[in-house]
Amino acid sequence: HWPAPSMAADQRMYRTDSWNKIPAWELTGIVADRMPGLHPQTRQFFACWLPELHQELVAAARGW
């Protein structure tokens, strides 16, 4: 996981429990604010990335 905030924004994603991690294929839903229970700071963190990067990461994650 990237050094990004967890869903609850209480820890870094790589340190948190599995239920609090965000799978890469969920990035488009996060940015579109379609993920319930997501902390606003976490959404803002991922929303600042370029849209092209979101699409590439989602496509790569779905291919794993």
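These are my notebook entries on a predicted model of one protein chain.

**Ground rules**

I number residues from 1 along each chain as its sequence is written, and I leave out hydrogens and water, so that side-chain values use heavy atoms. Because the model is predicted, local features need pLDDT of at least 70 and side-chain atom pairs count only at pLDDT 80 or more, while totals for chains, interfaces and linings use all residues.

**Entry 1: the overall fold**

I began with the secondary structure of the protein chain, and found three helices and zero strands. Here helices (H or I, at least four residues) and strands (E, at least two) are DSSP runs, numbered from the N terminus. Read from the N terminus on, the order is α-α-α.

Next I looked up the dimensions. The C-alpha trace spans about 25 × 25 × 20 Å along its principal axes. How does the radius of gyration of the protein chain compare with that of a compact globule? The chain has 11 Å, which agrees with the value near 11 Å for a compact globule of 64 residues. For my own record, the radius is taken over C-alpha atoms, and the globule rule is 2.2 Å times the number of residues to the power 0.38.

**Entry 2: surface, burial and charge**

I noted an exposed area of about 4300 Å² for the protein chain, with carbon and sulfur atoms supplying 54% of it. Accessible areas come from the Shrake-Rupley method with a 1.4 Å probe, and for residues only the protein chains shown count as cover.

Of the 64 residues, 33% count as buried. The classes I use are buried (under 20% relative accessible area), exposed (over 50%) and partly exposed (in between), with a 1.4 Å probe and protein chains only.

Then I checked the charges: there are 6 positive and 6 negative side chains, and the centres of the two sets lie 3 Å apart. Lys and Arg count as positive and Asp and Glu as negative, while His and the chain ends are not counted. Each charge is placed at NZ of Lys, CZ of Arg, CG of Asp or CD of Glu.

**Entry 3: the core and its methionines**

Which residues make up the largest nonpolar core? I listed eleven: Ala4, Met7, Met13, Ile22, Leu27, Ile30, Met35, Leu38, Phe46, Trp49 and Val58. A nonpolar core is a set of buried Ala, Val, Leu, Ile, Met, Phe, Trp, Tyr and Cys residues joined through side-chain atoms within 4.5 Å.

I followed methionine 7 first. Methionine 7 sits in the segment before α1 and is buried, because its relative accessible area is 15%. Setting aside residues up to four places away in sequence, I found methionine 7 touching Trp19, Asn20, Lys21, Ile22, Met35, Pro36, Gly37, Leu38, His39 and Thr42. Contact means heavy atoms within 4.5 Å. The C-alpha atoms of methionine 7 and arginine 43 are separated by 8.5 Å, although the two are 36 residues apart along the chain.

From the other side, methionine 35 touches Met7, Glu26, Gly29 and Ile30, again not counting residues up to four places away in sequence. For the whole chain, residues 24 or more positions apart account for 39% of the contacts with a separation of 6 or more.

**Entry 4: serine 6 and threonine 16**

Is serine 6 buried or exposed? Serine 6 counts as buried, because its relative accessibility is 0%. Serine 6 lies in the segment before α1. Beyond its neighbours within four places in sequence, I found serine 6 in contact with Gln11, Arg12, Met13, Thr16, Asn20, Ile22 and Thr42.

Threonine 16 also belongs to the segment before α1 (27-31). At 8% relative accessibility, threonine 16 counts as buried. With neighbours within four places left aside, its contacts are Ser6, Gln11 and Lys21.

**Entry 5: two residues with positive phi**

Most residues other than glycine have a negative phi. I therefore noted alanine 9, with phi near 60°, in the segment before α1 and partly exposed at 26% relative accessible area. 

I also noted aspartate 33, where phi is near 60° as well. Aspartate 33 is found in the loop between α1 and α2 (40-47), and with a relative accessible area of 54% it is exposed.

**Entry 6: a last look outside**

I closed with glutamine 55, in helix α3 (residues 51-62). Glutamine 55 counts as exposed at 54% relative accessibility. Glutamine 55 and tryptophan 25 are 30 residues apart in sequence and 9.1 Å apart in space, C-alpha to C-alpha.
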